[in-house]
Amino acid sequence: MRAVTLQLTIIVGYLLLALGVGLVAYRLTDRTAEDFYLASRTLGTVVLLFTTFATLLSAFTFFAGPNIAYAQGPEWILVMGLMDGIIFAVLWYVIGYKQWLLGQRFGYVTLGEMLGDRFGSRPLRGLVAGVSLLWLFPYVMLQQVGAGTALEALTEGTVSYAAGAGLITAFMILYVVAAGMRGIAWTDTLQGAFMLITTWVALLWVLAAVGGPDAATEALASNPDTGGFLSLGSDYYTVPWILSTAITIGFGVAMFPQVNQRFFAAGSKTVLKRSFALWPILCVLLFLPSFMLGAWAAGLEVAVPDGANVLPLVLAEYTPTWFAALVIAGAMAAMMSSSDSMLLSGSSYFTRDLCRPTLAFFGWVLSDRREDLLARGGVVVFATAAFVASLLEPAGLFELGEAAFSGFAQLALPVLLALYWRKITRAGITAGVVVSQFFYISSLFLTFVPGSYAGWTAGIVGMGLGLVVTVVVSLLTSPAADERRAIYFDRLGAD
């Protein structure tokens, strides 16, 4: 009981520290929608880099990733650490820089707002927002599921799954409503550094306990069930699967609302360019220790019950109680730093891309102050709904994360064409988004639609289908008269 009390004290203490930073930020935040969503577009290099870093490092990274490495081997580092670090860094420049230029010129806050203005289409704006909210919902749930299972495992059932998920939800609501983007960016910087340090210390601590990396690797090699983990290539890590997963995750990340909005928040183009150049380094620094802990745990024969996460169990086995709690606090920080940004972005998509255009259609105009209040209320509703859904424990962490990444990836190629291809039309991009989304959702829920094609996932096949449909329909249709921003999209290119 004393150990559980210590664990909870450390975790709750960390969450209260983050909440305190958020309250300080609230005192410095203007009561405007743009400051709430984008910190008035003033983020510097370190803050932009770490807020993007912390935003993406979620339960998928800390729990699903090590679980895959435990079950299938450490090649998962190749997928997430190297390939997606590089793919997203390139997209940060190709898509992010162009979006930043357009945001500076026209004041855009969301992707839907930008595309709706580019093509003079409120329905397209609503479509992009609706699709984004659809895939954002399971990813918020993923953080709550991760928090619930982590605390339940760490405390050996003293804290129930529902209580753990409820704890992270309550802190998310309090923090995001108070802090806005400015507070989120500040605490993300703190959380990003905290996650890096605790994860590397955890790796070194476990290795010291088992006799070093050579001993851990020898245990992995001598175990008949895990000996194949040390060679590239397996029935699980096929080349089509690795490429499909890496590409859909990399392109999906660029379309995540909480990431995509950060393209608009940079203080200058120098800030944006420095940040994407440093991105791959940070990815490898975090993925390497967390995923190797999962892989080595398989050789050390750490018992992991069905549905449990390997990282809390290996820490409980080889590190002191207080340190295991500290690392789980870091994982909770990762989940909170992802969820707070998701809730903020989800609220902005709901208020700016759905509520504002609908009210404008009826002749009602939201003041900046009222939009700010509506956005904060939207955070409460979205977080509460995701928490209720998470109580059903709908799927594993990897399944939830993979579905969200691939769903967002379906938006990427039509958006890329909208930014750079002059002949794209409203009908073309709308058809491309609708067809690719319909195909991918069908692959998840309809048994007669395959989930893979000769080893290639439905996610990447859907991306190719969306690209073809967008190009073909655009070539067969003419631009609408009210696609009024097209000339600026063409001229504002990357330097």
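**Aromatic pairs, salt bridges and helical packing**

W100 is buried, with a relative accessible area of 10%. This value, like the others reported here, comes from a predicted model, in which the protein averages a pLDDT of 81 and 89% of the residues score at least 70. Among the elements of the protein, the highest mean pLDDT, 95, belongs to helix 19, whereas the lowest, 60, belongs to helix 20, which comprises residues 486-491. Where pLDDT is low, the predicted coordinates should not be read in detail.

The protein is built with 20 helices and two strands, and of its 495 residues 59% count as buried. When contacts with a separation of 6 or more are considered, 87% of them are accounted for by residues 24 or more positions apart.

A search for aromatic pairs returns 20 of them in the structure. In the pair formed by F50 and F53, the ring centres are 5.9 Å apart and the planes stand at 90°, so the arrangement is edge-to-face. Both F50 and F53 belong to helix 3, which covers residues 45-56, and the three residues that separate them in sequence correspond to about one turn of the helix. F50 is buried because its relative accessible area, 16%, falls under the 20% limit, and F53 is likewise classed as buried, at 1%. W100 takes part in another pair, with Y97: here the ring centres are 6.2 Å apart and the planes are at 15°, so the two rings are stacked. Y97 and W100 lie three residues apart in helix 5 and are therefore separated by about one helical turn. An α-helix has 3.6 residues a turn, so residues three or four places apart point the same way. Y97, with a relative accessible area of 1%, is buried. Beyond these pairs, an aromatic cluster is formed by F50, F53, F88, W92, F263 and W279.

Charged side chains are also placed over aromatic rings. K273 lies over the face of Y97, 4.8 Å from the ring centre, which adds a charge to the surroundings of a residue whose ring is stacked with that of W100. The charged end of K98, in turn, sits over the ring of Y420, at 4.2 Å from its centre. Y420 is also contacted by V94, a residue of helix 5, which spans residues 76-106. Apart from residues up to four places away in sequence, V94 touches L416 and Y420; the C-alpha atoms of V94 and Y420 are separated by 9.6 Å, although their positions lie 326 residues apart along the chain. V94 has a relative accessibility of 25% and therefore counts as partly exposed.

Two salt bridges are found in a search of the whole structure. In one of them, the side chains of E113 and R352 meet at an N to O distance of 3.1 Å. This pair links distant parts of the chain, with E113 in helix 6 (residues 111-118) and R352 in helix 15 (residues 321-361), 239 residues apart. Both E113 and R352 are buried. A salt bridge is also formed between D353 and R125, whose closest N and O atoms are 2.8 Å apart. Since D353 lies in helix 15 and R125 in helix 7 (residues 122-154), the pair ties together parts that are 228 residues apart in sequence. D353 counts as buried, at 2% relative accessibility, and R125 is buried as well, with a relative accessible area of 14%.

Helix 19, residues 458-476, consists of 19 residues and reaches 27 Å from its first C-alpha to its last, which is close to the 27 Å expected at 1.5 Å a residue. Its buried residues are A458, G459, I460, G462, M463, G466, V469, T470 and S474. S474 is one of the residues touched by T425, which is placed in the loop between helix 17 (397-420) and helix 18 (426-445). With residues up to four places away in sequence left aside, the contacts of T425 are F119, V473, S474, T477, S478, P479 and E483. At 0% relative accessibility, T425 counts as buried.

How values were computed. Residues numbered from 1 in each chain as written. Predicted model: local features only at pLDDT ≥ 70, side-chain atom pairs only at ≥ 80, totals over all residues. Heavy atoms only, no water. Helix = DSSP H or I, 4+ residues; strand = E, 2+ residues; numbered from the N terminus. Expected span 1.5 Å × (residues − 1). Buried < 20%, exposed > 50% of the residue type's maximum accessible area, 1.4 Å probe, protein only. Contact = heavy atoms within 4.5 Å. Phe/Tyr/Trp six-rings, centres within 6.5 Å; stacked < 30°, edge-to-face > 60°. Lys NZ or Arg CZ within 6 Å of the ring centre and 35° of its normal. pLDDT = per-residue confidence, 0-100. Salt bridge = Lys/Arg side-chain N within 4 Å of Asp/Glu carboxyl O.
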